[in-house]
Amino acid sequence: MVPVTCAGCGAPDRGLCDDCRGRLVRPAALDDDALLVRWNGADGTPGLAARRYDEFVGAILLAYKEDARTGLVRPLAAALEPAFRSAVLEASRAMGGVSPEIATIPARRRAARDRGFHPVEQLVRRLGARPSRPLRWAREPADQRDFGRAERLENLAEALVAPRRLDGRRFLLVEDVVTTGATVGEAVRAMHDGGGLVVGVVALARVGP
């Protein structure tokens, strides 16, 4: 049997120790919208994240996504929940009380094959929502982990497409981490080109300002 260590600090015998769970999941007493991270995409789409990205949350997400430690879905979903609930409420108000569809960006083909699960969709389901898949990859972009913003924009240009018309549909787009915003921006473009509208983006963590 492979020993279990905390994804946050490496302590033995726990998937996520109590101290790291406390760092990751904001207590209800601190459920203050002022703690959420807000931004606007290049096209003006509002974004909302539960926290700033740091090495701590990065280590937990890496264990969840790349090591298939799916037991981490519960604390990660709990960490995302304040931003997710706020984003749904704000989108609903902007749409006259109608709730948006919850959309995710499709996994890259190789990642989907290697992992066998869609990490963000699992978070959405844990929060009691049903994820929609309005997009597919028209082509497989290169691995962009070491790319800057301009390289990511070029790498992702026209990479996503809506295979069916999305006329009249309104979406809240969910991601785990927003880095430069290039992937989210490409998804927003593809949905708009398909006739849909992205009313907001929500993420667990946002890199940078």
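Is Arg14 buried, partly exposed or exposed? Select Arg14 to begin: its relative accessible area of 37% makes it partly exposed, a class lying between buried (under 20% relative accessible area) and exposed (over 50%), with a 1.4 Å probe and protein chains only.

The model is predicted, so that local features need pLDDT of at least 70 and side-chain atom pairs count only at pLDDT 80 or more, whereas totals for chains, interfaces and linings use all residues. Residues are numbered from 1 along each chain as its sequence is written, and side-chain values use heavy atoms, with hydrogens and water left out.

**First stop: Arg14 and Asp18.** Add Asp18 to the selection. Asp18 and Arg14 form a salt bridge whose closest N and O atoms are 3.2 Å apart; the term denotes a side-chain nitrogen of Lys or Arg within 4 Å of a carboxyl oxygen of Asp or Glu. Asp18 is exposed, at 52% relative accessibility. The structure holds 13 salt bridges.

**Second stop: the β1–β2 hairpin.** Select residues 37-40, strand β1. Strands (E, at least two residues) and helices (H or I, at least four) are DSSP runs, numbered from the N terminus. Val37 and Trp39 point to one face and are buried, while Arg38 and Asn40 point to the other and are not. Extend the selection to strand β2, residues 46-52, which runs antiparallel to β1 and is joined to it by 4 bridges; pairing requires at least two DSSP bridges between the strands. In the turn of this hairpin, Gly44 has a positive phi of about 95°.

**Third stop: Ala49.** This residue of β2 is the bridge partner of Val37. Ala49 is buried, at 0% relative accessibility. Its C-alpha lies 5.3 Å from that of Ala205, although 156 residues separate the two in sequence. Beyond four places in sequence, Ala49 has contacts (heavy atoms within 4.5 Å) that include Ala83, Ala203 and Leu204.

**Fourth stop: helix α3.** Select Arg85 and Glu81, which lie 4 residues apart in α3 (residues 73-94), about one turn of the helix. Their side chains meet in a salt bridge of 3.3 Å, N to O.

**Final stop: helix α7.** Select Arg189 and Glu186, whose salt bridge has its closest N and O atoms 2.6 Å apart. The two residues are separated by about one helical turn, because they stand 3 residues apart in α7 (residues 182-193). Glu186 is buried at 6% relative accessibility, whereas Arg189 is partly exposed at 21%. Adding Glu158 and Asp193 displays the network of salt bridges that links these four residues.
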